[in-house]
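Reader: I would like to learn how to read the contacts, the overall form and the surface of a model such as this one. Could we take the features in turn?

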Amino acid sequence: MSAYSGLSWSDLLFLLDGAGKTILLTALATLFGTVLGIALGWLRDSSRLVGWIVAPYVDVTRSVPLIIQFVLFNSFIAIAGYPLNPLWSGTIVLSSYMGVFTSEVVQAGLQAVRPELRRAGRSLGMGYWTEMRYVTAPLALRVVFPSWIGLVIGLTKDSALVGVIGYIELLRASQILINRTNEAILILLGAGLFYFIICYPISRYSQTLERKLKQ
Amino acid sequence: MIEIKNLQKSFGQHHVIKGIDLTIDKGEVLCLIGGSGSGKSTMLQCINGLHSIDDGKVLVDEIDVFDKATDLNKLREKIGIVFQQYNAFPHLSAIENVALSPRVVKGMKRKDTLDLAAKHLEHVGLGDKLNHYPSQLSGGQQQRLAIARALAMEPEYMLFDEVTSALDPELVGEVLDTMRMLKDEGMTMIIVTHEIPFAREASDRVAFFDQGKICEIGDARQVINDPRELRTRQFLERVLH
């Protein structure tokens, strides 16, 4: 028997399924996290009181390792009697994590827009939201876009940690295969390649978009 | 008509405007001169409600600017303002800068706003820069763009807040010429400026601000050539050498 006998084509499908779950989880967390981050960033920028109220949440989320947040959140909701399937627990924790980091970026973006430009918009008769939509938001977007893409790529890789609560995404799938076949290097090379295939197009596409936005 | 009655304004402990009464008629050009910190820019920005006030009244066509019931956005449509800093929206081309407000504030059709914007940009001599972005324009061109952008809202009053102060000296003339052109067209204007010769020749009246009050106001030539107040005389001697 060759050393590769443990691996079969169905294992590739297993890995592919894991990659699909990584993409699903990342996409959900990106969506909810970004929406949360925009709202949180805007609130923190426009009201000092809100900034003060949410400071503990922001600090804890940023400072406690994500893997601990997954385990604790999953345990707490189980103890509280509302167990969730691993996809939704993972989505909630990752979205909250993404939301906090996105809010920092959003805040920086809003602050990068010169107050004189906002004042100029208002003096032309624009209301708060009209000015926000046509002047401040597009300008802030240009500033934050590269950092936001960095967050999405980071999130793709961080999603691997959801394995600890039993969500069989790409890395967890690889580990299962490694335990069975002992083919650590080959399988990790494959898994690494999948992560690259997911992240690289995001990064390339963002560079194209960035060039467009800069015009 | 713009009426300012006993206007008072402080920033914290700093009492910037200490009781100003002033009336500007339709079609008039009034220049405000005075040292920095004398309150002239602050008063100008009170006229369209960009600053709050502590006491007094500002009436624009009998609408109380600081009445809670006043729709400030609506009011600002008839008061154009141009600032000292270049404020062109950097993500929009010249024509888009000018077309934006008529479209999103007045709800005009995109095609019409572009025609309108082109007309106003040509009017201020930027007809060949329609698709340039602000970063591709000189300071003088950016200020003329800001004037065109304000004019596209078809305001009844124009306020100018030291619009030439940030410009290189060789670019000042083109902006002053644009304001002279507006005067010839009968626009009502209040101009805060340090360009004394311009104030003398282009305005109907000049007001000299000192320490938050109007120290002297009158016919432009009289105030500048033959001031009645000692403080006005001292200020003019300082700035004209």
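Reader: How many residues of chain B are in contact with chain A?

Author: Some conventions come beforehand: this is a predicted model, in which local features need pLDDT of at least 70 and side-chain atom pairs count only at pLDDT 80 or more, while totals for chains, interfaces and linings use all residues. Residues are numbered from 1 along each chain as its sequence is written, chains are lettered from A, and side-chain values use heavy atoms, with hydrogens and water left out. Contact means heavy atoms within 4.5 Å, and by that rule 24 residues of chain B touch 19 residues of chain A.

Reader: What area is buried between chain B and chain A?

Author: Buried area is the accessible area (1.4 Å probe) that two parts lose on being put together, summed over both. Here the value is about 1800 Å², with 63% given by carbon and sulfur atoms.

Reader: How many salt bridges does the rule find across the interface of chain B and chain A?

Author: A salt bridge is a side-chain nitrogen of Lys or Arg within 4 Å of a carboxyl oxygen of Asp or Glu, and across this interface the rule finds zero.

Reader: What share of the residues of chain B count as buried?

Author: A residue is buried under 20% relative accessible area, exposed over 50% and partly exposed in between (1.4 Å probe, protein chains only). Of the 241 residues of chain B, 56% are buried, and the C-alpha trace of chain B spans about 55 × 45 × 35 Å along its principal axes.

Reader: Is A:Phe76 buried or exposed?

Author: A:Phe76 counts as exposed because its relative accessibility is 54%.
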